[in-house]
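Here are some short exercises for you to try with the model open on your screen. Have a go at each task before you read its worked solution.

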Amino acid sequence: MIADMDLEQLNRNNFRNCLEALARPGNVYQVYPYNHSVIMAMASMLLYPEVTFYQQTEGDWNMIKAITGTTEREAHEADYLFLDVPDKNILQDVKSGNQQNPEFSATLICGCQNLKSGTSVILSGPGVNGRRQTTLPAPVDFLELLAEKNRHFPLGVDLYFLSREHGICALPRTTQVDFL
Amino acid sequence: MSYVAIKGGSDAIQSSIRFFQNSLRQGQVIGDEELQKGLIFSCDRIMGEGALYSETLAAEALRRTGGDLLEAAFYLRAHRSTCKRIGEATQLSGSSMRILRRISSAFKDIEGGQILGPSCDYVIRLFRGLVEEDEGTSLSSGDPVGAGVPSAVDSLRQRDQIVLLENKEEQPFDVSRSFPLPPYPRSALMQVMSRGETGAMLAFAYTSMRGYGDVHPTIGDLRIGYMSVEFIHPFTGNKVKVGDIRVTTCEAIGSFNRDPRDGKLRLATGFGFCLGFNETKAISMSILDMAMHHSGYSVGGMDIAANPEIIIHHVDGIESMGFTNHFKLPHYVTFQADLQVLLKAKEQSDE
Amino acid sequence: MSDHGFAFLDGDAKKEIRRALLKAVALPGYIVPFASREMPVARGWGTGGLQITLSIILEQDVLKVIDQGCDGSVNAINIRNFITSVTKVMTTSKTSRASIIQTRHRIPEHELRENQVLVFQVPYPEVLTTVEPDTAQQKQMHADGDYSKLWVLLYEDTSQYGDSRISNRYPVQVNNHFVMDPSPIPKYDIPRMDNCPALQLFGAGREKRMYAIPPYTTVKPLKFDDREFKIEVFPGVCCERCGARDVFFDEVRLGSDRRYFCSDTEFCDKNMEKNDAA
């Protein structure tokens, strides 16, 4: 099914899974890779001329720029940030919107090995039916900084974890993360 | 029985559409050229308000809608949503226009001259006499009489007698690609007005002339003509000509006041531009632009036209027409809810 | 001229709508501005809902479209026909079978489940419009959590008429933060938005805004603590067709004769099937 998908078809399938992941934190969905890369697939799905990005990953970003018409920016200005690993220093820098326009905030897309190992947490908030125990592929100090960035709702950042096994799970700024 | 009536049914829709289309079938034989040349002002309104310059589609839209201009403009807008945007054309200057008609009400004698051109201004509107046939002339391909003619308002600018509307934006805003937030960039307002419905623009501009505002405009430079649209080719980097368009531009001059930038006295001004020949719309737009950017010049306190919030949300004909017509849709649920609230309130207040 | 890709909109248009949708889900109840595209149906006729549906829909989706609770109403048929003509997806009238439900003015009676998306068509996305028309002011009031003008309206109505005069589009507070317009659904449907397992998306094409309620999110009507939130009731009424009670009804008047039928026609059909089987 994946092999004969055109790019728009790939984008819409990946978008729907991305939307579901964001709406249901803790659930893992599938991402179909583009050019053998799930990060590239996310870039192709999210980027277009009216948004900006920052990246610190392997991949043919010149091609992404050419097909999407998007501009690359510094980490503190970018709408979308594509990272190989959850990076505290970058998270520290990214924009979290303003009170009138909380959507002027950054979205992080972080790569990881898999979604099964990492920090054990309990999630709660919109999209979670009660409380839910799971693991997140990021160290405690990264998740603590994320909680700090998201302390003053509606300001905050939204985050996706992408595994090499093509899984995606999301942490919108509304999700409360408690450590076990 | 009555329950069935609530459902409309596919057949009813199909029949209604067929009825509508059949009743317009005599229009289908009118050719593109007849519409594009003989009804040029209809086509120009459709292209201007539809925000898409295509004479072919304008003629087709005119036939499909039985000449309903707003409905025809809607066809062009809807088509626009499916078109990929390739990029931005290079900036055009009004002085590059190949002029067919150009007048100034501010100065009697101007560089390039007053060119009356084709106009209905001095037509006596009586159904007498016959239209004389004169083969070979048409507005859509008329011969321009001037090019490279500077604006009649330039002389005021050179003498520092008029406000300079500076361009503070690096990139023009495109409301069809991004949502504008207040305070609205001037380019966003200009784009919305340029796509605006002629009648709405006229009505709002008119409010500013008679009591709800304080605009007493003098037309500095009004012109219709042709402009070449050019585009930098993304691969070769060369300038390529995309095509010629018919346009109307207008520069209005207003009353004077202290320029907030340096405290000097200067005249106010505003600019109007639209696709196609539509002088009423270009003049209205120049008045609205002036009203919005010189609200301090007004002595009235009830400005409608000077409020960007009013203008940006209320001049688009495709939007206001759609919403006004949506009241024809069933509102059984909300009306049932209304009745329940009425009954409860009556129990309380009629006691 | 009719040669466009899957789901009508061009790729960049979908990406803009998708950007706004993701922000909307991350900011429950906050209205996200977006560059709304013109649709081949008129503004005010569901262009916001349509843009959302066309931006999320996949070949494998099963679509249901209702207007006033009815799959057979003219506007529902028109929108459903347009969507299927540009996507070729399967359609259904059965709420339980649908993966995407686009609706105007109602939430289906049948309980929604986790893998469903409910798309609302919205005429007025800004809950503050009636008390404050200026966009910049509205944004400031949301930023400050300043809903005092709505409370004053509610107070004045309650003191004069015993209850709010708002019959539909009743203001709700989402996730204890933003107050939003739930679209013109009756008050009957408001409690059914609360903690709903399905994802609820709202599109206003003309006003160029969209917003969302993620699954399992608190949605509460704005009300005074000592007052009850009263939904529409139809005492003693049952559906003339299927016999259902305590649902939202359509009232049909023929002269002085008043008759009631289920507003949700599929719910009514299903009851009829059950009655026949019994």
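**Exercise 1. Find how many residues of chain C and of chain A are in contact, and describe the chain C side.**

Step 1. Count the pairs: 29 residues of chain C are in contact with 27 residues of chain A. Two residues are in contact if their C-beta atoms, placed from the backbone, lie within 7 Å.

Step 2. Look for the elements on the chain C side: α1 (11–26) and α4 (135–144) of chain C each give two or more residues. Helices (H or I, at least four residues) and strands (E, at least two) are DSSP runs, numbered from the N terminus.

Step 3. The largest share, 11 residues, comes from α1(C).

Step 4. Sort this side of chain C by residue type, and you get 16 nonpolar, six polar and seven charged. Ala, Val, Leu, Ile, Met, Phe, Trp, Tyr, Cys and Pro count as nonpolar, Asp, Glu, Lys and Arg as charged, and the others, Gly among them, as polar.

A word on the model before you go on: it is predicted, so local features need pLDDT of at least 70 and side-chain atom pairs count only at pLDDT 80 or more, while totals for chains, interfaces and linings use all residues. Residues are numbered from 1 along each chain as its sequence is written, and chains are lettered from A and ligands numbered from 1 in the order in which they are written.

**Exercise 2. Work out why strand β5 (residues 117–121) of chain C is largely enclosed by the rest of the structure.**

Step 1. Check burial: five of the five residues of β5(C) are buried, so the strand is largely enclosed. A residue is buried if 20 or more other C-beta atoms lie within 10 Å of its own, exposed if 12 or fewer, and partly exposed in between; C-beta atoms are placed from the backbone.

Step 2. Take the faces in turn: C:V117, C:V119 and C:Q121 are buried on one side, and C:L118 and C:F120 on the other.

Step 3. Find the partners. Strand β4 (residues 100–104) of chain C runs parallel to β5(C), with four bridges between them, and C:Q102 stands opposite C:V119. Two strands pair if DSSP finds at least two bridges between them.

Step 4. Strand β8 (residues 199–204) of chain C also pairs with β5(C) in the parallel sense, over five bridges; here C:F202 is the bridge partner of C:F120.

**Exercise 3. Find the order of the strands in the open, antiparallel sheet of three strands in chain C.**

Step 1. Read across the sheet: the order is β7-β6-β10.

Step 2. Pick out the edges: β7 (179–180) and β10 (219–221) of chain C each pair on one side only.

Step 3. Inspect one pairing: two bridges join β6 (residues 172–174) of chain C to β7(C), and C:Q173 has C:V179 as its bridge partner.

**Exercise 4. Compare the expected span of helix α13 (residues 332–349) of chain B with the distance between its end C-alpha atoms.**

Step 1. The expected span of a helix is 1.5 Å times one less than its number of residues. For the 18 residues of α13(B) this gives 26 Å.

Step 2. The end C-alpha atoms of α13(B) are 25 Å apart, which agrees.

Step 3. List buried positions: among them are B:Y332, B:V333 and B:Q336. What covers the buried residues of α13(B) includes β11 (249–254) of chain C.
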